[in-house]
Amino acid sequence: MPFTVKLTTPEAVRLLPPWPLDLERTVVAGFRDNPELLALQAARQALLRQADRRAAELLPQLRLYARAGYGEGIADKPEIELRGCCAATNIPQLYQQNGAWEAGLELRWRLFDAGVSSGAAGASRATAARTTQALAEGRNAIRQRVEAAFFEHRAALEQILAARASYGSAREAFRDVRARYQLGLANYTDVSDTIRLLTQAMEGVAESITLANGSYAQLLRELLPVPDQPGAPVSLPLVLPAAAAGESTGS
C-alpha cells in the first residue's frame, strides 16, 4: 500500500459478503495483467528474438540494391585551347555534369565465425528456458497464494457459522443458569462458568469474522492490479465481477 493512501476505519468491523468468484475464476483473475508474469513473458520473448537474430547471421543473405548519383563541377583546363586574339579573354574553365545509377543483387554468407554466433544463440535460448521456468514458478506461487486465501475464506465462513451456533447455545445456557440462580437452584460458580463460556463464544465469533475478512483482503490483494512503476498510485477500489446471483462487491 503506498504512503499516499490514507487508511481509516469509519465504522465498526463488519463481516464482508462471501467471495463472489469461484476458485477457477479467482485464479484466472490473479493471472490476468499480473506485472510479474508480464515482465517475465516480455523477457522470454526478447531472448528468443535475440537468439533467432544471432542464428540468422550464419545464413546466406540475398539483398536487392539500387543506387543512383548525380554530380557537377568546373574544370580548370578546357579541352579546346584557343590561340590568337581571343586567347586573352578566354576563361580556362569548363562546366561538367554527370549522372549514373546501378542495381543488382548482393549475396553475403558468413562461412566461419569460430562458433561465436551459434554460441550466443544457444546462450540466449538457455536464458529464455530459465525465464520460462521462472514464469512457471511465478504462476504456481500465485496459484498457491490464491488457493490458500480462497480456502481460508471458505473455512472462516464455516467457522463463523459454528461460532454463532456456539454463541447461541452459550446465551441460552446463561439465561438458564441465571434463572436457576435467581431461584436458588445454582450457585455463583455455575454463573461465572457460564459467563466465561459465553465470553469465549463471543471471542470465537469475533475471531472468525476477523479471519474471514483477512482472507477476503488477501484475495483482493492478489487480484489488485499493481502499476509497473513503484511510485505510481494504486487504482482503488477494486470492483469484482458479479456473482452467479447477480451481486457485485467492492472494497
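**Exercise 1. Aromatic pairs**

Determine how many aromatic pairs there are, and classify those of Phe150 and Tyr181.

*Solution.* The count comes to three aromatic pairs, where rings of Phe, Tyr and Trp (its six-membered ring) pair if their centres lie within 6.5 Å, with planes under 30 degrees apart counted as stacked, over 60 as edge-to-face and the rest as tilted. The model is a predicted one, in which local features need pLDDT of at least 70 and side-chain atom pairs count only at pLDDT 80 or more, while totals for chains, interfaces and linings use all residues. Residues are numbered from 1 along each chain as its sequence is written, and side-chain values use heavy atoms, with hydrogens and water left out.

Step 1. Phe150 and Phe151 lie 5.6 Å centre to centre with 85° between the planes, and the pair is edge-to-face.

Step 2. The ring centres of Tyr181 and Tyr188 are 6.4 Å apart and the planes stand at 65°, so this pair is also edge-to-face.

Step 3. Assign each ring by relative accessible area: buried means under 20%, exposed over 50%, and partly exposed in between (1.4 Å probe, protein chains only). Phe150 is buried because its value is 4%, whereas Phe151, at 47%, is partly exposed. Tyr181 is partly exposed at 40%, and Tyr188 is exposed at 56%.

**Exercise 2. The nonpolar cores**

State how many residues the largest nonpolar core has and which element gives the most to it.

*Solution.* Step 1. A nonpolar core is a set of buried Ala, Val, Leu, Ile, Met, Phe, Trp, Tyr and Cys residues joined through side-chain atoms within 4.5 Å. The largest has 16 residues, and those with the most contacts inside it include Trp19, Phe31, Ile142 and Val146.

Step 2. Two or more residues come from each of helix H1 (23-31), helix H2 (35-56), H3 and helix H4 (188-223); helices (H or I, at least four residues) are DSSP runs, numbered from the N terminus. H3 gives the most, with five residues.

Step 3. Apart from this core lies another, of seven residues, among them Ala156, Leu157, Val205 and Ile209.

Step 4. Leaving aside neighbours within four places in sequence, Val146 is in contact (heavy atoms within 4.5 Å) with Thr26, Val27, Leu219 and Glu222.

**Exercise 3. Salt bridges**

Find how many salt bridges the structure holds, and describe those of Arg143 and Glu172.

*Solution.* Step 1. The structure holds six salt bridges, each a side-chain nitrogen of Lys or Arg within 4 Å of a carboxyl oxygen of Asp or Glu.

Step 2. Arg143 bridges to Glu147, with the closest N and O atoms 2.9 Å apart. Both residues lie in helix H3, four residues apart, about one turn of the helix. Arg143 is partly exposed at 38%, as is Glu147 at 23%.

Step 3. Glu172 and Arg175 form a salt bridge whose closest N and O atoms are 2.9 Å apart; this pair also lies in helix H3, three residues apart.

Step 4. Salt bridges with shared partners join Arg145, Arg221 and Glu222 into one network.

**Exercise 4. The setting of Val177**

Decide whether Val177 is buried or exposed, and identify its contacts.

*Solution.* Step 1. Val177 is found in helix H3 (residues 116-182) and is buried, because its relative accessible area is 3%.

Step 2. Beyond its neighbours within four places in sequence, Val177 is in contact with Ala186, Asp190, Val191 and Thr194.
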